[in-house]
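Please open the model in your viewer, show it as a cartoon with side chains available on demand, and follow the stops below in order.

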Amino acid sequence: MEETKTKDIILSVKDLSTSFFLREGEVKAVDGVSFSVRKGECLALVGESGSGKTVTALSMLRLVVWPPGKIKSGEVILDGVSVFDLPMKNMKDVRGKGMAMILQEPMSSLNPSQTIGQQIQEAVEINQGLKGEEAKKKAIEMLGIVRIPSPEKRYYNYPHELSGGMKQRIMIAIALSCRPKVLIADEPTCSLDVTIQAQILRLMQQLRKEIDTTILFITSDLGIVAEMADRVAIMYAGQLIEICDVFTLFENSAHPYTKGIMGSITAMKEGGRLNIISGDPPDLMALPSGCKFHPRCEYCQEICKTEEPGYTDLSGTGDHWVRCHFPLNKK
Amino acid sequence: MTEIDAKAKETLLSVRNLKKYFPIGGGLISKAKSNVHAVDDVTLDVYAGQTLGLVGESGCGKTTMGRLALKLLPKTSGEIYFQGEDIYKYTAEQEKKFRTRAQLIFQDSFSSFDSRNKIGKIIGEPLEVHNYCSGSELEDRVAELLRTVGLKPELMHEYPHTLAAGQKQCIGIARSIALNPAFIVADEPISALDVSVRAMVLNLLKDLQASHNLTYMFISHDIRVVRWLSSHIAVMYVGKLVEYGETEEIFAHRLHPYTEALLCAVPIEDPRARHIKREILLGEVPSPVDPPPGCRFAARCKLASERCFKETPPLLERRPGHWVACFENFEGDSEIS
């Protein structure tokens, strides 16, 4: 899969494969994933649990732990630097300044024995080279940027004194303090209530305008995709099956799996019977031959059972790729 | 969406001024220091063969409400009538009967199963306990139940951990309908499931309602799903019922600012709708521990006046069949549908 618009690309992942080697066998969590992120855009990485979204992100940061996890092949190029070729000791410049990650569970990512101010300050000191009072001032400024009321006082709070939504704001402040080239947000709102989720999404939209960040947004919620993303990459069973802009996704998606999950949305609105993708999510230990989706696909043909589909460029411009023998998009 | 036949509007469950406080602090001898007002003066009806959607954020008391409706918790005060009888005044015999008539579907069915039991035993247990059937008859009934929820009867010889998440939820549903109940409380039955499986479980719930004439109390934080499944909606906020009525009526006229905010908070699944201006609710859900007097939503409400902080707004019928607890004459006008 080749991207034609190469000039704005800040991050590209090529043929990334990561497996976990368990006693029962190899789990191919990420299997030949390629995509690029353009400067200033928000690319949503969408898929169900176990589809390999988070492992893709962790692999990009070389945070997959051996054993049992191992990056088998692939290349990650961040702003011209090949991340996998760097010595491990240089990874600290990639993690943070290169790519900073906001995790799902803010509580388990914050240090309970340090004040939130100290934790933001640490990121400021390491990544922006500020020290002492200056760094503290910057940390307080960051608290303000993520709309924490009375930041001077909050600087001295411990994580347990804050609500879930507040903690996620702190995580965002820490990630942004690194001034990353790419911000990776891994389901940042999935543990939050819907009104708090709306606040965090609104905040991320505002920050995107204010500080022009590039975001890789990992989510399984299509509503969030519709609100946040410019482009979307859909994952299924460790593979990337479709990549397109957000409007194409909602109006002219091509992969039967994508079409299937999109179908549920309209039916939900209209109150009719919901579209069903028959069968169960794939078992990564025993993946089917050919197209990984074929046992659940209503358009399955003989070739789908034996031959794994390659990528087809549907747009002719490299903007809409699908991994299917019989794509469903309107021509 | 859901046609409501005036004749069929028979009340199955009525909740009247129900309160449930959980004491915290205190010990064996000392009195409780404070109380969590989990459910505070809730009054509503659930109609036979229909679905009441109970919606709200975490900590609003929706789960406690569901447990109380099944008499799984002692109440603090108030009454719940099931087919006209107060369930908290049941005799032992009536109670046993009630246990067959009212069932619960859990959010995470798998953790409600004994993982050492085979699926056949899990589904068949309620039938055995209530002496419905035994032996080969029991096996036939279990097979039939598995087929009803769209699974293969052979699965009864498997252990639950071998199943996918959606199938586990179906087993939970099969068990809950084993005794042919009239009333089922479904507590966030799809929130732990993936998108592609959710649709299957929701369709199943709707089909079973039609084929088994079930009445649901469907508890969810997702107002979209609630709208799809429910004929009536009850919106809760920190233990209080703030808005209650028929689903389409509530969607057409959002009379409580919180309902409007809840609707606005849900991301719209249409990238072309990004331009639609939506008010984002500020602040956070207050603590339910000894809440101050007045409307519990007042601190986050744009319309709140002095009165809202002093007096608790009563639940009043502002439009036919549409109950709201708000002093202001609010009606939501966001372009969301």
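Begin where the two chains meet, by selecting the residues of each that touch the other: the contact draws 36 residues from chain A and 30 residues from chain B. Bear in mind from the outset that this is a predicted model. On the side of chain A that touches chain B, highlight helix 8 (194–211), helix 9 (222–228), helix 10 (246–252) and helix 11 (256–270), each of which supplies at least two residues. Of these, helix 8 of chain A gives the most, with 8 residues. If you colour this side of chain A by residue class, you will find 17 nonpolar, 12 polar and 7 charged residues.

Stay with helix 11 of chain A and select M268(A), which has its place there. Is M268(A) buried or exposed? Because 21 C-beta neighbours lie inside 10 Å, where 20 or more are required, M268(A) counts as buried. Leaving aside neighbours within four places in sequence, the contacts of M268(A) are L274(A) in its own chain together with R224(B) and W228(B) from chain B.

Next, move to helix 5 of chain A (residues 132–145). Its 14 residues reach 20 Å from the first C-alpha to the last, which is close to the 20 Å expected at 1.5 Å a residue. Show the side chains of A135(A), A139(A), M142(A) and L143(A), which are buried in helix 5 of chain A. When you look down the axis of this helix, its buried residues fall within an arc of 100°, so they line one face of the helix. This agrees with a general property of such elements: an α-helix has 3.6 residues a turn, so residues three or four places apart point the same way. To see what covers the buried residues of helix 5 of chain A, add helix 4, helix 6 (151–154) and helix 7 (164–177) of chain A, which are among the covering elements.

Now keep helix 4 (residues 116–128) and helix 5 of chain A on display, and note that their axes come within 8 Å and cross at roughly 115°. The crossing of these two helices of chain A is right-handed. From helix 4 of chain A, select G117(A), I120(A), Q121(A), V124(A), E125(A) and Q128(A), which meet A135(A), K136(A), K138(A), A139(A), M142(A) and L143(A) in helix 5 of chain A. By class, this contact between helix 4 and helix 5 of chain A has 6 nonpolar, 3 polar and 3 charged residues.

Finish just after helix 5 of chain A by selecting R147(A), which takes a positive phi of about 60°.

Conventions. Residues numbered from 1 in each chain as written. Chains lettered and ligands numbered in written order. Predicted model: local features only at pLDDT ≥ 70, side-chain atom pairs only at ≥ 80, totals over all residues. Axes fitted to C-alpha atoms, helices over the stretch in contact; angles between N-to-C directions. Helix = DSSP H or I, 4+ residues; strand = E, 2+ residues; numbered from the N terminus. Left-handed = near helix turned anticlockwise from the far one by under 90°. Contact = placed C-beta atoms within 7 Å. Nonpolar A, V, L, I, M, F, W, Y, C, P; charged D, E, K, R; others polar. Expected span 1.5 Å × (residues − 1). Buried ≥ 20, exposed ≤ 12 C-beta atoms within 10 Å, placed from the backbone. Arc of directions from axis to C-beta.
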